[in-house]
Amino acid sequence: MNKQQLAAKIWESANQMRSKIEANEYKDYILGFIFYKYLSESQIKFAKKAGYTDDEIKQLSEEDVEAVDYIKTNIGYFIAHKDLFSSWIAKGSDFEVPDVREALSAFTRLINPAHKKLFEGVFNTLETGLSKLGDTAALQTKAISKLIQLIKDIPMDGRQDYDVLGFIYEYLIGMFAANAGKKAGEFYTPHEVSVLMSEIIAHHLKDREEIKIYDPTSGSGSLLINIGKSVAKHIKGENNIKYYAQELKQNTYNLTRMNLVMRGILANNIVTRNGDTLEEDWPYFDEVDRINTYEALYVDAVVSNPPYSQKWETAGKEADPRFARFGLAPKSKADFAFLLHDLFHLKPDGIMTIVLPHGVLFRGGEEGAIRKNLIEKNHIDAIIGLPANIFFGTGIPTIVMVLKQKRTTNDVLIIDASKGFLKEGKSNRLRASDIKRMVDAVIARESIPKYATLVSRDELRKNEWNLNIPRYVDSGEPAESWDIYATMFGGIPINEIEELQAYWETFPRLRDSLFFNTSAEMAALKIEDVKTAIQEHADTKAFVQTFADAFVDFDKTLRERLIGHMMTLHVSSEKTNLSTDIFRRIANVPLLDKYEAYQLLDNEWQSILIDLEILQTEGFDAVKQVDANMVTKKGKVEDTEVQEGWKGHVLPFELVQKVHLSSELQSLTDKENRVAEITAEYEELLDALSEEIKDSAITNDAKDAFMNAEVVKLAKEITAEKKKGATYGEEDDETKILKVSALIAEEKTLKKDIKEEAEALHSLTKKTIETLTDDEAKVLLERKWITPLVKALHSLPNNKIATLTQKVSYLAGKYITTLQDLSQQLQKTEEVLVELMGELTGSDHDIEGLNEWKKLLKSEESDKR
């Protein structure tokens, strides 16, 4: 299975296995074991590369001092063969929880002194938490056995090992975060926000050969890792990014270290610290050797998502160089303290991004003074207002602030991106197009109507350094207006037609084809069928053709790039290359939003990316591979995995059937459709039967009841009685039952045929995939990757025309019922009501009340006249 499927499977099983243990707590156990597996297999890989044979690896023990020192010096730690993850698996039923305790204790003992900061205490949370996995040693052993069996299939070798492992690790952290409530904020920044911050930083650093990046509130380390991935796309060579991470909470600090190490980053390029960022600034020296290790930390980029509005201790901080130039944040809100800490550690040409609550933009007091200093000293580069509800555990509105030490301009770009998101349950998620739009806006530094404003320092001064986004960007949609004249007399106000000016500029002759003016202010429709008039107009047809011309050879380009170079393609940068091509093509097509096109690319790219990774890792023949389709069956004691047929490793069975087995597929589809028709016919006949027959059928409790001799006999009796008063052409119950019986027999035969044909088609599909020629396989990949993307892109102009049709249709119907019409309808209704009330009877008391009501209605009628 691919990495997404494997990650989802592990999460599903882990979530069931954790039982009553909190998600926030259980994550430390499963992620800890994944890390131990990684270290075990990394040591085996190193040993084999160093020339150790399999037998020599099996002999590795703590008593072999020479081997221990050699391995420790090179990879930073040593694990005896008996303590390796694979050795636990090999023990089978002989595995016990003491095996884990002894192994973790030995690991701590055998860390290379030079790598102590990286590895020491990394398994503390796991080690101390083993007892929570069960009340007895036996229960603990059972729980741990399940865990290590669950993660044993995670691949950690081959070209994509770090990517697969890293993906699964990040996936599990994200899923645990989604289930950890407010505690999620302690260790996780949503991936989309992380990518946004990383892409902004990567663009600023793209021309550098060596880079230092720092996260002072590192959590799981995902922000740092995403920056590294984004920057790496622009840098040649490897191992030229150095990572600095600081985290207060011990268990979260362990996540940072595990995550960085498992990405294959050299140990010497990882510098981590477990400490309070605000209370203890990043140390300039190593405690062991203060004199010879002095080094002030100034980096190319700082990224952080600190705890929001946290209390902090300000006493003694006035002279702290981090805060002295700008002022101290209030005791009750440390937001600006974190920001100033980040800014202090930037190189002169560095950049930082930080997530903060909206309040930092406009709160007064000490925060207002700091904000003024930051603006006047020209450090704030951009502010991005994010949608609400995109962070786990909190719904408060947040921003990303971009700052630099040195800037060439003194304006501030303010972006309101709060409207761009995808709703998922109670939460919101940034889409790829939302991220791309924000990053492009930051890079371009231009005002964009309803989205971004470049604000001068003078304007900020006039507003007393208040950065509240709505002051500068009006992203709201205008309220719908209602024309008084049109409300009374009908028609279409010309000024409302002119609100569609962007469409009339693109379709210059269409407006006159749809409307004619009835006065200087009002218009009416010329045509009855709005949809046909718009779709068939020469201007809209030309618009569709303009798009088609722009993308005329796009499918060929995709074939050349994706199919022709699939084995050598640089996967991480190819999406950027394709989006650049799409943006170039769409630039000359009016009305269309290039970011909508980008989202269509991203929607399809996720599937393409998975396949490309598989092919580049496993070879082209992976296209012709089928895998056992494993499903989980519920059991009384525990769930079990069983095989239900096969599935394509890369190619979906449905696609192969449509292309290569269309006649067999059509035969099966026709039979399935006929079964659906039979059900409808059967129900129609059933509804038409006498109640006595229905009751009899229900009593017999099956469709077979209609084949029952007693039911047929009853039908004959009822039919004989009915015939005495039957009208010409009426179908009797006996005939209906015989029809139902025939349908049931046909359905039974069809279902048998469907089962046999489905099984045969499934087997034939498996054989077809396994015997594909290379050219046939490439055609299928084109149908899977390229056809859906091209089709989706070509829907854009028609979607825009459909939107215009909807808007024109709405305008045409908006005032079709006037207030005068409504008044007349109301009057007629009242007149009818008065007449009906005159027919009512009742007590004298009731009649007196009705007469008074009639008087009221009649007086209202005379007033209207």
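## A first walk through the chain

The buried residues of helix 12 are S222, L223, L224, I225, N226, I227, G228, S230 and V231. That makes 9 of the 11 residues in this helix, which spans residues 222-232, so helix 12 counts as mostly covered. Please keep in mind as you look around that the model is predicted.

**The chain as a whole**

How many helices and strands does the chain have? Its secondary structure comes to 34 helices and 16 strands. The chain has 865 residues, and buried residues make up 47% of them. Among contacts with a separation of 6 or more, 73% join residues that are 24 or more positions apart.

**The nonpolar cores**

Now to the inside of the structure. The largest nonpolar core has 107 residues, and the members that touch the most others are I30, F33, F35 and L39. Helix 2, residues 23-49, supplies the largest share of this core with 13 residues. A second core is separate and holds 67 residues, including I608, F620, A777 and W785.

F33 is a good place to pause. Which residues does F33 contact, once its neighbours within four places in sequence are left aside? They are F85, W88, V100, L126, L130, I144, L147, I148 and I151.

Two of the helices to look at next are helix 6 (residues 97-109) and helix 9 (residues 137-151), whose axes come within 8 Å and cross at roughly 75°. Helix 6 and helix 9 are therefore roughly perpendicular to each other. On the helix 6 side, V97, V100 and R101 take part in the meeting, and on the helix 9 side A137, Q140, T141 and I144 do. V100 and I144 also appear among the contacts of F33.

**The sheet of 9 strands**

An open sheet is built from 9 strands in the order 3-2-1-4-5-7-6-8-11, and its pairing is mixed. Which strands stand at the edges? They are strand 3 (270-274) and strand 11 (452-455), each of which pairs on one side only. On average, neighbouring strands of this sheet are turned by 10° against each other, direction ignored.

Strand 1 (residues 211-215) is worth following on both sides. With strand 4 (residues 299-304) it pairs in the parallel sense over 2 bridges, and with strand 2 it pairs in the parallel sense over 5 bridges. Y214 shows both pairings: it stands opposite V302 in strand 4, while its bridge partner in strand 2 is Y244. Of the 5 residues of strand 1, 4 are buried, so this strand is largely enclosed by the rest of the structure.

Helices pack on the sheet as well. Helix 13 (residues 250-262) touches strand 2 (241-247) and strand 3, and its direction makes about 175° with that of strand 3. Helix 16 (residues 432-444) lies across strand 6 (380-385) and strand 8 (412-416), running at about 160° to strand 8.

**A smaller set of strands**

Another open sheet has 3 strands in the order 12-14-13, with antiparallel pairing. Strand 12 (492-493) and strand 13 (515-517) are at its edges with a single partner strand each, so one side of each is left without a neighbour in the sheet. Strand 13 pairs with strand 14 (residues 522-525) in the antiparallel sense over 3 bridges. Within that pairing, F516 has A524 of strand 14 as its bridge partner.

Here are some of the strand pairings side by side.

| Strands | Sense | Bridges |
|---|---|---|
| Strand 1 and strand 2 | parallel | 5 bridges |
| Strand 1 and strand 4 | parallel | 2 bridges |
| Strand 13 and strand 14 | antiparallel | 3 bridges |

**A pair of packed helices**

One more stop is the packing of helix 27 (residues 653-660) on helix 32 (residues 774-814), where the angle is about 115° and the axes are 11 Å apart. That makes helix 27 roughly perpendicular to helix 32. The crossing of helix 27 past helix 32 is right-handed. Helix 27 makes the contact through L655, V656, V659 and H660, and helix 32 through E776, L780, R783 and K784.

Key: Residues numbered from 1 in each chain as written. Predicted model: local features only at pLDDT ≥ 70, side-chain atom pairs only at ≥ 80, totals over all residues. Heavy atoms only, no water. Core = buried A, V, L, I, M, F, W, Y, C linked by side-chain atoms within 4.5 Å. Buried < 20%, exposed > 50% of the residue type's maximum accessible area, 1.4 Å probe, protein only. Helix = DSSP H or I, 4+ residues; strand = E, 2+ residues; numbered from the N terminus. Contact = heavy atoms within 4.5 Å. Pairing = 2+ DSSP bridges. Axes fitted to C-alpha atoms, helices over the stretch in contact; angles between N-to-C directions. Parallel < 35°, antiparallel > 145°, perpendicular 65-115°, else oblique. Left-handed = near helix turned anticlockwise from the far one by under 90°.
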